Amino acid sequence: MPELLTPELSRLRDETDAFARDVLAPLATEFPASRKRIIDASKAAGLFSMTQPRAFGGSEASTLAMTVARDTLASHNLSHLPVFGPGPGVLAGVGEPLKSSHLAPLMAGEKRGAFAFTEPDDAPHPTSGRIEGNTLTINGQKSYVTGGDQADFITALVEVEGGGPAMVVIDTDAAGVRTREVFSSLDGTQHSWFEFDNVCVPAAHIVGKPGEGLPRALRQIGDVRISVAAESVGLMRWVLDYLTAHLEVPHRSGTPLGRREGVRLRYADLRIKAYAARSMVYRTSRLADAGENAVNEAIACKVFATETVGEVVDTAIQLVGGRALTVGHPLETLYRRVRALRLAEGANDILRLNLARGRLDLDKGRI
């Protein structure tokens, strides 16, 4: 499946590969100090605009094109760098006033946004809002807002009284918005816990209509799940290349570890699963581009790819030995990054339940 690419996508793969090798890799050694240079180089290479709508100067790349680019970057272990510009997320297609006040500045890099979906486990009630006249008053909490500490606004799922769930744009400097906590997770990313105490926003800050919030939120999450899976399969390739090189050099015993049958069996299992994961991600990307309902397939990709890349990294550490646990070793760093992926955009066990429901209750999904 990754080989059945159009000439245009093959060119994108080759150009991204050269960009990662010749431009990104040298800049990565200086990150985050090189952040601006990476963004400028990505813009010049045409990668930065792939995630952005044509109306804002972007190329609005297809799901398959994004999979090709993310897979290729991750195969160099460079997918954590700021290569792609901010996408519109749930603001895609909004009209005025949000188009001018929030979407345009977001696309231009003048404002930063964050996505607020998760409620605290002990929240007494979901984040809710009441419309009175032209104002929506919001109360509640969102506990795991990635990048919220640097966001100018968040798009939050709010239960609107009498209307149902809605995605609502909330400026982080609005009266009544409080940051209860800023914390870091295992992979080094930062998150915020927000509280809303009678926060008043214009009713025009509701994206679409009340009742449309959950499908809009899940659509964004579904898109991100495929991107997480694409990054995961690229990282598998990087780890397997690293491990292959390690297994081919002489061990302290005098012969390469790759000569041992037990090692070969474990190594073969990793390659088999990586092959399966990469194939399913490319197939699902094609289904999404064909306009099919690929929600369950995106779930399958996210679960399988994130668990497989975790197994690949873990086994690689086991075969390389104790030095791979040294802080700063590329496998140690990657171990922390990929562990977080099994919880990102939906915990994998919850996604398993959703996938089963999709088939057994809704007759969705395929093999």
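R359 is partly exposed, with a relative accessible area of 47%, and that makes a handy way into this predicted model. The side chain of R359 meets that of D363 in a salt bridge, with N and O 3.3 Å apart. D363 itself is exposed, at 57% relative accessible area. Elsewhere, R178, R180, E195 and D197 are tied into one network by salt bridges that share partners. From here, the tour takes in more charged pairs, a pair of helices, some paired strands and a few backbone oddities.

**Salt bridges**

- The whole model comes to 21 salt bridges.
- Side chains of opposite charge can pair when their charged atoms come close.
- One such pair is R352 and D349, whose side chains meet at 3.3 Å, N to O.
- Both R352 and D349 sit in helix 9 (residues 348-360), where they are 3 residues apart, or about one turn of the helix.
- R352 is partly exposed, at 39% relative accessible area, whereas D349 is exposed, at 56%.
- Another pair is R216 and E212, with their closest N and O atoms 3.2 Å apart.
- E212 has 29% relative accessibility, so it counts as partly exposed.

**Two helices side by side**

- Two packed helices are described by the angle between their axes and the distance between the axes.
- Here, the axes of helix 3 (residues 63-74) and helix 6 (residues 261-289) come within 8 Å and cross at roughly 150°.
- Angles over 145 degrees count as roughly antiparallel, and helix 3 and helix 6 are therefore roughly antiparallel to each other.
- On the helix 3 side, the residues in contact are T63, L64, T67, V68 and D71.
- Helix 6 meets them with R278, V281, Y282, S285, R286, A288 and D289.
- Sorted by class, this contact has 5 nonpolar, 3 polar and 4 charged residues.

**Strand 5 and its neighbours**

- How much of strand 5 (residues 164-171) is buried? The count is 6 of its 8 residues, so strand 5 is largely enclosed by the rest of the structure.
- Strand 4 (residues 153-160) runs antiparallel to strand 5, and 8 bridges join the two.
- Within that pairing, A156 stands opposite V168 in strand 5.
- Strand 4 and strand 5 make a hairpin with 3 residues between them.
- In the turn of that hairpin, G162 has a positive phi of about 80°.
- Strand 5 also pairs with strand 8 (residues 206-207), again in the antiparallel sense, over 2 bridges.
- V168 turns up here too, with I206 as its bridge partner in strand 8.

**Backbone oddities**

- Most residues other than glycine have a negative phi, and most peptide bonds are trans.
- F31 and P32 are joined by a cis peptide bond, with omega of about 15°.
- P32 is in the loop between helix 1 (7-28) and helix 2 (35-45).
- A cis peptide bond also runs from E96 to P97, where omega is near 10°.
- P97 is in the loop between helix 3 and helix 4 (98-108).
- N77 lies in the loop between helix 3 and helix 4 as well, and has a positive phi of about 60° although it is not a glycine.
- Is N77 buried or exposed? N77 is buried, at 13% relative accessible area.
- N198 isn't a glycine either, yet has a positive phi of about 50°.
- You'll find N198 in strand 7 (residues 190-202), where it counts as partly exposed, at 47% relative accessibility.

Technical notes
Residues are numbered from 1 along each chain as its sequence is written. This is a predicted model: local features need pLDDT of at least 70, side-chain atom pairs count only at pLDDT 80 or more; totals for chains, interfaces and linings use all residues. Side-chain values use heavy atoms; hydrogens and water are left out. Axes are lines fitted to C-alpha atoms, for helices over the stretch in contact, and angles run from 0 to 180 degrees between N-to-C directions. Helices (H or I, at least four residues) and strands (E, at least two) are DSSP runs, numbered from the N terminus. Angles under 35 degrees count as roughly parallel, over 145 as roughly antiparallel, 65 to 115 as roughly perpendicular and the rest as oblique. Contact means heavy atoms within 4.5 Å. Ala, Val, Leu, Ile, Met, Phe, Trp, Tyr, Cys and Pro count as nonpolar, Asp, Glu, Lys and Arg as charged, and the others, Gly among them, as polar. Buried means under 20% relative accessible area, exposed over 50%, partly exposed in between (1.4 Å probe, protein chains only). Two strands pair if DSSP finds at least two bridges between them. A salt bridge is a side-chain nitrogen of Lys or Arg within 4 Å of a carboxyl oxygen of Asp or Glu.
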